[in-house]
Amino acid sequence: MKKMYVIGIALLAALTGCRKGAEEFDATGTFEATEVIVSAETSGKLIHFRADEGVQLTCGEEVGLIDTIQLHLQKMQLLANQKSVDTQRPDIGKQIAATRQQIAKAEQEKSRVERLLQSNAANRKQLDDWDAEITLLNKQLEAQLSTLQNSTASLNEQSASVAIQVAQVEDKLQKSRIVSPISGTVLAKYAEAGELASVGKPLFKIADVENMYLRAYITSTQLSDVKLGQQVTLYADFGDGERKPFEGTVTWISDKAEFTPKTILTNDERANQVYAVKIAFHNDGTAKIGMYGEVKF
């Protein structure tokens, strides 16, 4: 009888200890980070590529280059075409200078005939002839201007079209540079220097492991205790009772319930559905992606 009493006391103590441990946190989850898979934007041979796993990269840092020889040659050809088009553009001022000079000469002659007519030294027909000559020359000038302006406009359009093609090649040249879109750590490398890259081919995966978040799950009864922007304490669980605290901020609360993930524990095990929340925090390098974490609201 005494032996059964001792066993009962031991079981009660164990259950009490389990309940106390369970109440040390309000929810559990796993640590996640913003992961980006960087793919090739152009096709060609990888000249160099140094996005090795574990390497720390900064946003905009160049880590590789895809062969750009053909693009450079294409750009040189387009620039030569553009220069050829520009040299064909007419100098309107020089083209119409002779006609303007003829008009000026005709107007001088008309003025001279008008003076002679006033002194009865010329007849009316001479004046009419010069009027007709000036009208004809003005029409010729208008036709020249129209032709030259149309030619200039056409050449300007051709030059603009070539300039757009040059810009397209420059964009491709820029996309041949492989750069990191975020600051973070390379998680996986999918290609090596010397391989042939194609548009859309994954090259490496990078994650921001400094600004991570814990994805935890809470029951509907806990929703009233959790608010966006709320400051909470979360813990990285290293196993064997070893935990490290972090200060975090609730940045997202799901508006839809979902079934409890099998790897997640909640205080209310009878709840069939839970709500996901994200808690952002600054990682000092100890928390790892996929590690289990706990949160206290």
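**Note on a predicted structure: strands, helices and one buried residue**

1. Strand β10 pairs with strand β12 (residues 273–282) in the antiparallel sense, and five bridges connect the two. Within this pairing, T249 has A280 of β12 as its bridge partner. The model under discussion is a predicted one.

2. On the pairing of β10 with β9: strand β9 covers residues 231–239 and strand β10 covers residues 242–253; they run antiparallel and are joined by eight bridges. One of the bridge pairs is formed by G239 and its partner in β10, E242. The two strands form a hairpin with two residues between them, and in this hairpin D240 adopts a positive phi near 55 degrees. The student may wish to locate D240 in the hairpin of β9 and β10 before reading further.

3. A further group of strands deserves attention. An open sheet is built from four strands, in the order β5-β4-β2-β7, with antiparallel pairing. Its edge strands are β5 (177–179) and β7 (196–197), each of which pairs on one side only. As for β2 (residues 44–49) and β4 (residues 62–66), three bridges hold this antiparallel pair. Here H48 has L65 of β4 as its bridge partner.

4. Turning to the helices, α2 (residues 69–87) and α5 (residues 124–175) have axes that come within 9 Å and cross at roughly 165 degrees. Because of this angle, α2 counts as roughly antiparallel to α5. The crossing of these two helices is left-handed. On the side of α2, the contact involves L71, H72, Q74, K75, L78, L79, Q82, V85 and D86. On the side of α5, the residues include L155, V162, V166, V169 and L173. Sorted by class, the contact of α2 with α5 comprises ten nonpolar, six polar and four charged residues.

5. Helix α5 also packs against helix α4 (residues 97–118), at an angle of about 165 degrees and with the axes 9 Å apart. The angle therefore makes α4 roughly antiparallel to α5. Helix α4 passes α5 in a left-handed crossing. Among the residues of α4 that make the contact are I103, A106, V113 and L117, and those of α5 include L127, W130, I134, L137 and L141. By class, the contact of α4 with α5 contains nine nonpolar, five polar and eight charged residues.

6. A single residue of strand β1 (residues 27–39), namely A33, may serve as an example of a position inside the chain. Is A33 buried or exposed? Its relative accessibility is 8%, and so A33 counts as buried, since the cut-off for buried is under 20%. Which residues does A33 touch, leaving aside its neighbours within four places in sequence? They are A207, D208, M212, Y213 and I289. Of these contacts, M212 illustrates how the chain brings distant positions together: A33 and M212 are 179 residues apart in sequence, yet 4.7 Å apart in space, C-alpha to C-alpha.

7. Some totals for the protein chain complete this note. The secondary structure consists of five helices and 13 strands. Of the 297 residues in the chain, 30% are buried. Among contacts between residues at least 6 apart in sequence, 76% join residues at least 24 apart.

Technical notes: Residues are numbered from 1 along each chain as its sequence is written. This is a predicted model: local features need pLDDT of at least 70, side-chain atom pairs count only at pLDDT 80 or more; totals for chains, interfaces and linings use all residues. Side-chain values use heavy atoms; hydrogens and water are left out. Buried means under 20% relative accessible area, exposed over 50%, partly exposed in between (1.4 Å probe, protein chains only). Contact means heavy atoms within 4.5 Å. Two strands pair if DSSP finds at least two bridges between them. Axes are lines fitted to C-alpha atoms, for helices over the stretch in contact, and angles run from 0 to 180 degrees between N-to-C directions. Angles under 35 degrees count as roughly parallel, over 145 as roughly antiparallel, 65 to 115 as roughly perpendicular and the rest as oblique. A crossing is left-handed if the near helix is turned anticlockwise from the far one by less than a right angle, and right-handed if clockwise. Ala, Val, Leu, Ile, Met, Phe, Trp, Tyr, Cys and Pro count as nonpolar, Asp, Glu, Lys and Arg as charged, and the others, Gly among them, as polar.
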